[in-house]
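Here is a short round of questions and answers on how structural labels are earned. Keep the structure in view as you read.

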Amino acid sequence: MTAFLFGIFSSLAASAIILALGLVRGSRPLWWLAAVCSRLTGTGLARVYRHQSSAEGDIARDLGQASWIKVMAGRGNVLTREVFSPLWSGELSPGSVQVLLPDTLAPGDSWLDRRSQDLRLFDPGFTPGLLKSQVRANTEYIAQVTRAQPHVELRSFNLPNTCRVIATDRAAYLTFYSSSSHGRNSPCLYARAPGLLYSIAVQQFDVAWTNSSSVRPTP
């Protein structure tokens, strides 16, 4: 009996070690654990990506199934990459697409200026006007590529630049920005609808949208 119990405890210990190593070395076991906790708490959190760029394949899949899409980005680089290209080319046709990018024309000490100051603390390549020029280029790109798509609306916001939201009627990808690193190095949370975290992500977008202004493409 003692040997039998010892064998059971040894197997349980080995399983715990394997799970712990999986959590350290890969994200899949962490997704499973997050999903279990989500069901118990009602948060809706189903996956955690160590870096937001790791989520792009799944984002592309969800965009292809979406009835509507909401995007609020701090810089907008993801909007010019392959993950969004089927949307701009007309290959995908959701009912509505709302895009929010920071306001590069806001006077005084804007939130985009403050984010730029944070970036310069750990990335010396960010001169005072570099972030604004990058946002301006991405804004102009989206404005031009979607000018013949009436279901796409592009607006600018001047609110705390604290997170990136990519939401559809099915799920939301939420990345909270750090004051000490680029957004691409931050973890990305995947929340299914319905759920608390999903509602927070959509609400964050809707508040910014209400306080935003229209963007028109350069003639």
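Q: This is a predicted model. Which residues of α5 meet which residues of α6?
A: From α5 come L112, D113, R115, S116 and L119. They meet L131, K132 and V135 of α6. By class, this contact has four nonpolar, one polar and three charged residues.

Q: What makes residues count as being in contact here?
A: Their heavy atoms must lie within 4.5 Å.

Q: Why are α5 and α6 called oblique to each other?
A: Start with the values. The axes of α5 (residues 111–122) and α6 (residues 130–145) cross at roughly 125°. They come within 9 Å. Now take the cut-offs: 65 to 115 degrees counts as roughly perpendicular, and over 145 as roughly antiparallel. The crossing of roughly 125° fits neither range, so α5 and α6 are oblique.

Q: How are the strands of the sheet ordered?
A: Eight strands form an open sheet, in the order β1-β7-β6-β5-β2-β3-β4-β8. Their pairing is mixed.

Q: Why do β1 and β8 count as edges?
A: β1 (45–49) and β8 (212–214) each have a single partner strand, so one side of each has no neighbour in the sheet. On average, neighbouring strands of this sheet are turned by 20° against each other, direction ignored.

Q: How do you know that β5 and β6 pair?
A: Pairing needs at least two bridges. Strands β5 (residues 163–168) and β6 (residues 171–176) pair over five bridges, in the antiparallel sense. V165 stands opposite L174 in β6.

Q: Which strands does α3 lie across?
A: Helix α3 (residues 56–63) lies across β1, β2 (68–72), β5, β6 and β7 (188–192). It runs at about 145° to β6.

Q: What lines the largest pocket?
A: The pocket holds about 310 Å³ of space. Of its 19 lining residues, Q52, R75, N77, G183 and R184 are the closest to its centre. The lining has five nonpolar, eight polar and six charged residues.

Q: Where is P194, and what kind of peptide bond joins A193 and P194?
A: P194 is in the loop between β7 and α7 (196–210). The bond joining A193 and P194 is cis, with omega about -5°.

Key:
Residues numbered from 1 in each chain as written. Predicted model: local features only at pLDDT ≥ 70, side-chain atom pairs only at ≥ 80, totals over all residues. Heavy atoms only, no water. Axes fitted to C-alpha atoms, helices over the stretch in contact; angles between N-to-C directions. Helix = DSSP H or I, 4+ residues; strand = E, 2+ residues; numbered from the N terminus. Parallel < 35°, antiparallel > 145°, perpendicular 65-115°, else oblique. Nonpolar A, V, L, I, M, F, W, Y, C, P; charged D, E, K, R; others polar. 1 Å grid on protein atoms, 1.4 Å probe; cavity = no way out; pocket = protein on both sides within 12 Å on 5 of 7 lines; lining within 4 Å. Points joined across faces, edges and corners; volume = space filled by probe spheres on them.
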